[in-house]
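I opened this structure to look at one strand and then at how the copies are arranged. My entries follow in the order I looked things up.

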Number of protein chains: 2
Amino acid sequence: MTVTNSTPADKRGVLAIGNAIVDVLAQVDDGFLQQHGMNKAHMTLIDAERAEAIYAAMPAAKVRMSGGSAANTAAGIAMLGGAVRFVGRVRNDELGDAFSADIRKIGVGFDTSPAQDGPATARCLILVTPDAQRTMNTYLGACAQMTPEDIDPAAIAAAQVTYLEGYLWDQPHAKEAMRKAMRLTHEAGGKVAMTLSDAFCVERHRAEFQHLVEHNIDILFANESEIVSLYQTSDFDGALQHVRDHVDVAALTRSEKGSVILAGQNVHIIDAVPGVSVVDTTGAGDLYAAGFLHGYVEGFDLHACGRLGSLCAAEVISHVGARPQIDLKPFVAQALKG
Amino acid sequence: MTVTNSTPADKRGVLAIGNAIVDVLAQVDDGFLQQHGMNKAHMTLIDAERAEAIYAAMPAAKVRMSGGSAANTAAGIAMLGGAVRFVGRVRNDELGDAFSADIRKIGVGFDTSPAQDGPATARCLILVTPDAQRTMNTYLGACAQMTPEDIDPAAIAAAQVTYLEGYLWDQPHAKEAMRKAMRLTHEAGGKVAMTLSDAFCVERHRAEFQHLVEHNIDILFANESEIVSLYQTSDFDGALQHVRDHVDVAALTRSEKGSVILAGQNVHIIDAVPGVSVVDTTGAGDLYAAGFLHGYVEGFDLHACGRLGSLCAAEVISHVGARPQIDLKPFVAQALKG
């Protein structure tokens, strides 16, 4: 087994930084998306007013649960038995309290102080269509309050990997916080991991993301549409030829085509877990990152990291919601076997 | 564009060496395969007696056409406009005359002298099931008469690539001929390409094939089950990690998952052509090799080689039979674009 990473004695686990969001899910048909002018399978930022309007139009059968991309990843790592902390801003309101309680209960360290005033805790209104795709409308609310002061140098130094979500680039203060986190991580000898989050997010920040990939990110997570958008290539293979020169490790997910992991001269092609009945793809990328990063900090080879990512992703797409519903720990042994 | 190959002034095109076989196809259901104890989707060698019995049991609606794995590849290269010769042994009988006339008409140079006595021209009885899989029963007949004398040093020296089919290892004399061809190719500064042909063929010759891959083959073609069988790994990714150290170029086909091309540090992941209605997979690997090798000798980059292979494979699986039915030349421009 090629060990990808040896654990420094003074470092342990992952620090994840992201938007602290409560998900509100409902099943709708495609007509609902058209009627409300939504971009299917993508995340759109909305303001408080539109959040109210969409919420009111959603079917009564709504499911509420803690979410947020990097927070989902943190939850997955904790459920795999890994050490993980989360940094993200909620408001001191009912949703904020629920978010904090949920994430701590799973075993994620979380002590970002809630905002005492300003916009409410963020929520993501997720419409799940019969094809299992999820269309997300995010009101960022209190997330916009994240500032560089929320980045604790000691917490950064204590982790092997700092994991960031691309969505943070939608907010100027959070972006500053991210730049601080990346700088501190490298100064402390850690690795910076980041997900590109969403193809439209890549479009909004392409030049900055390209710069980050070339200069700041060690471990990149992206799906096919995100990496193709980043490099504006005609296909996946074209993007592959760029990214392999830019980061130490790229873990590129391709839905039912599995994932491709590139690390210098090494390449691994990991098949998707076969026979999964896809109910809701929400959280697939987040849980892939959870499995991969947990394997990475445990020193698994990249094949096993990818396998663990695939297994965790397969769990989360087999039911509604972005947080796993079964014990993930048996996946560790399974990933190491195959 | 990374050019993979620059054409030496004194060399041109491909020399393909393989079994000269006439295909006899019929549509059957799965019950027919079970009734006759056939391994679905694989090639089985049969004797003259069993060939007679299966032929008699096959439905009356049979299609007869020239085939043979390397011969199909040669036909594809000729149809793409490439220079190509074929070496293979037929008998001077009706089927042998038909094979020779067919392959020459397509534009393949073919001057192996037909056997004047001994077994009849080889035939492959191909049963196509409703799932588009083909199950092959091959009576090798006159093919067994190929000897090292059929390998012409001048023809080898004139080609950029000598292409061999793994099936040839099923015959002791042909195997000697192949060893001579590989030696002469390298002495003349050419490249040796070979397909592993079939997972059961790999099983029959695993140790020898492993040695060939490590020491004699420059460009390897294999599908997923063949490469996994060669290295006896649990999955495709495991096999990938072995083969990349063993050959200059590995072009690994994966049916609807497309193909993966490895060349030292380079990797290309080529998607299958989308939206193809699969009628009969006979010849898919042969035509992939045709497209790839034509691109290779023309100096295309590996992405374009793989794309051309995929386009040619897509054509041949969209109808019954292992030889293309439309003009392949427009695929060249298409492969270079995408």
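I checked both faces of S7(B) in this predicted model. On one side, B:Ala122, B:Cys124, B:Ile126 and B:Val128 are all buried. On the other side, B:Arg123, B:Leu125 and B:Leu127 are buried too. In a regular strand, side chains alternate between the two faces of the sheet. I then counted along the strand, residues 122-128 of chain B: seven of its seven residues are buried.

Next I asked which strands pair with S7(B). Strand S2 of chain B, residues 21-27, pairs with S7(B) in the parallel sense, over seven bridges. There I found B:Ile21 opposite B:Ala122. Strand S8 of chain B, residues 134-139, pairs with S7(B) in the antiparallel sense, over six bridges. In that pairing, B:Leu127 stands opposite B:Thr135.

I looked at the turn of this hairpin as well. Five residues lie between S7(B) and S8(B). In the hairpin, B:Ala132 has a positive phi near 75°.

Then I turned to the two chains. How many degrees of rotation superpose chain A on chain B? I noted 180°, with 0.0 Å of shift along the axis and an RMSD of 0.0 Å. The two copies are therefore related as by a two-fold rotation axis. In chain A, the C-alpha nearest the axis belongs to A:Gln265, 2.6 Å away from it.

Last, I compared the interface residues. Of those in chain A, 100% are also interface residues in chain B, so the copies meet through the same surface.

Conventions: Residues are numbered from 1 along each chain as its sequence is written. Chains are lettered from A and ligands numbered from 1 in the order in which they are written. This is a predicted model: local features need pLDDT of at least 70, side-chain atom pairs count only at pLDDT 80 or more; totals for chains, interfaces and linings use all residues. Copies are superposed by least squares on the C-alpha atoms of residues with pLDDT of at least 70 in both. Two residues are in contact if their C-beta atoms, placed from the backbone, lie within 7 Å. A residue is buried if 20 or more other C-beta atoms lie within 10 Å of its own, exposed if 12 or fewer, and partly exposed in between; C-beta atoms are placed from the backbone. Helices (H or I, at least four residues) and strands (E, at least two) are DSSP runs, numbered from the N terminus. Two strands pair if DSSP finds at least two bridges between them.
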